[in-house]
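Biologist: Before we discuss any detail, could you put the sequence and the structure in front of us?

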Amino acid sequence: MYYPISCTRCGHDLASTPGPVTAQPNDWEELNCTECGEFHATLGAWEEQQTPDRLRFLNKSRSLMMAMRREHDALIEQQHTKGERVA
Ligand SMILES: [Zn+2]
């Protein structure tokens with residue numbers, strides 16, 4: 001499970017919990033930067049403080065996925081058109 005952060009050491013924007021992924025992660029699990037391993041906060045503290053950022057991150061992810069989907073569809077369309085030309 002990955003969580004958006006702002007790393008104080010390297011500026012990376014993703015942290016992860018070291019433990020196995022569970023449906024209900026414990027509040028005391030530690031978030032560490034995925035880039036440099038810097039300890040960021042416990043999951044409970046992160047959730048209390050970062051909710052607005054998390055929502056922004058989710059929105060960003062959604063727009064990115066939609067953009068990728070459009071790109072993918074355009075590519076398929078392009079290949080389809082080329083295929084018809086060859087045949
Ligand atoms: Zn870092």
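Biologist: Which residues form the largest nonpolar core, and which elements give two or more residues to this core?
Modeller: A nonpolar core is here a set of buried Ala, Val, Leu, Ile, Met, Phe, Trp, Tyr and Cys residues joined through C-beta atoms within 7 Å, where buried means that 20 or more other C-beta atoms lie within 10 Å of the residue's own, exposed means 12 or fewer, partly exposed falls in between, and C-beta atoms are placed from the backbone. The largest such core has seven residues, namely Tyr3, Ile5, Ala15, Leu31, Cys33, Leu43 and Trp46. Elements are DSSP runs numbered from the N terminus (helices H or I, at least four residues; strands E, at least two). Those that give two or more residues to this core are strand S3 (30–33) and helix H1 (43–86).

Biologist: In which element is confidence lowest, and in which is it highest?
Modeller: This is a predicted model, in which local features need a pLDDT of at least 70 and side-chain atom pairs count only at 80 or more, whereas totals for chains, interfaces and linings use all residues. Residues are numbered from 1 along each chain as its sequence is written. The pLDDT, the predictor's confidence in each residue from 0 to 100, averages 84 over the chain, with 83% of the residues scoring at least 70. Confidence is lowest at a mean of 81, in H1, and highest at 94, in S3.

Biologist: In what order do the strands form the sheet, and how much does the twist average from one strand to the next?
Modeller: The chain has one helix and four strands, which follow the pattern β-β-β-β-α along the sequence. The four strands form an open, antiparallel sheet in the order S1-S2-S3-S4, two strands being paired if DSSP finds at least two bridges between them. Strand S1 (2–4) and strand S4 (39–42) each have a single partner strand, so one side of each edge strand is left without a neighbour in the sheet. With axes taken as lines fitted to C-alpha atoms (for helices over the stretch in contact) and angles running from 0 to 180 degrees between N-to-C directions, the twist averages 35°.

Biologist: Which residues of S3 point to one face and are buried?
Modeller: In a regular strand the side chains alternate between the two faces of the sheet. Along S3, Glu30 and Asn32 point to one face and are not buried, while pointing to the other, and buried, are Leu31 and Cys33.

Biologist: Which residues stand opposite Cys33 and Leu31?
Modeller: S2 and S3 pair in the antiparallel sense over two bridges, whereas three bridges join S3 to S4, where Asn32 has Phe39 as its bridge partner. In the hairpin of S3 and S4, with five residues between the strands, Gly37 takes a positive phi near 80°. Opposite Cys33 stands Ala15, and opposite Leu31, in S4, stands Ala41.

Biologist: Which residues does Leu14 contact beyond its neighbours within four places in sequence?
Modeller: Leu14 is found in strand S2 (residues 14–16) and, with 14 C-beta neighbours inside 10 Å, counts as partly exposed. Its C-alpha lies 4.6 Å from that of Pro4, ten residues away in sequence. Taking contact to mean C-beta atoms, placed from the backbone, within 7 Å, the partners of Leu14 are Tyr2, Pro4, Ile5 and Thr34.

Biologist: What separates the C-alpha atoms of Glu47 and Asp27?
Modeller: Glu47 has its place in helix H1 and counts as partly exposed because it has 15 C-beta neighbours inside 10 Å. Asp27 is 20 residues from Glu47 along the chain, and their C-alpha atoms are separated by 8.6 Å.

Technical notes:
Two residues are in contact if their C-beta atoms, placed from the backbone, lie within 7 Å.
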